[in-house]
Amino acid sequence: MKVAVTSKGENKDSVFEGRFGRTPYFLIFDTESDECKAVKNPYSQEASGVGPRAAQLLVDNSVNKVITGNVGGNAASALQMAGIEVVLDRNGGSAEEVYNKNKA
C-alpha cells in the first residue's frame, strides 16, 4: 500500500504540512518495502483549484491513503471518487512521525 503524507519538505524529518492542496511536497511511503519518495506538488502556489489537481497527482502515483491536516470540499470529493482513504491528523510533528502514528 502507498501512503502519502503532506510535508513542508522533501525529507522524512520535514515538518508535517496541515494543508492538502497547498502542501509543498507529498512524501509517499510504501508500506511493503518501507521506501519513501518525495513528490513535489506543482500546484501548491496556484491561485485556485489546487485540491483536485493535487488529488490527481496522488492518483498518478498509485496512492491508496493520504494523511493530512485538512482537505477542502472539492479535493475531498476527488479523493473519494478515486478511492483514496483520507486520514486527518492535527497533532503535527515530522512527516515520518505522523506516518508512523497513522499508517495502519
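Okay, let's start with a little trio: Lys 8, Glu 17 and Arg 19 are linked in a network of salt bridges. Keep in mind that this is a predicted model.

So how does that network go together? Lys 8 and Glu 17 pair up through their side chains, at 3.0 Å from N to O. Then Glu 17 also forms a salt bridge with Arg 19, and there the N to O distance is 2.8 Å. Both pairs count because the cut-off is within 4 Å.

Now, buried or exposed: where does Glu 17 fall? Glu 17 counts as buried, at 4% relative accessibility, because the cut-off for buried is under 20%. Its two partners are another story. Lys 8 is partly exposed, with a relative accessible area of 46%, and Arg 19 is partly exposed too, at 45%. So picture a buried Glu 17 holding on to Lys 8 and to Arg 19.

Okay, next pair. Asp 89 and Lys 101 meet in a salt bridge as well, with 3.6 Å from N to O. What does this pair tie together? Asp 89 sits in the loop between β5 (85–88) and α3 (95–102), while Lys 101 is in helix α3 itself, so the salt bridge connects parts that are 12 residues apart in sequence.

And the burial? Asp 89 is buried, at 5% relative accessibility, whereas Lys 101 is partly exposed, with a relative accessible area of 47%.

Last thing: how many salt bridges are there by this rule? The count is four, and the ones I walked you through, including the Asp 89 and Lys 101 pair, are among them.

Key:
Residues are numbered from 1 along each chain as its sequence is written. This is a predicted model: local features need pLDDT of at least 70, side-chain atom pairs count only at pLDDT 80 or more; totals for chains, interfaces and linings use all residues. Side-chain values use heavy atoms; hydrogens and water are left out. Buried means under 20% relative accessible area, exposed over 50%, partly exposed in between (1.4 Å probe, protein chains only). Helices (H or I, at least four residues) and strands (E, at least two) are DSSP runs, numbered from the N terminus.
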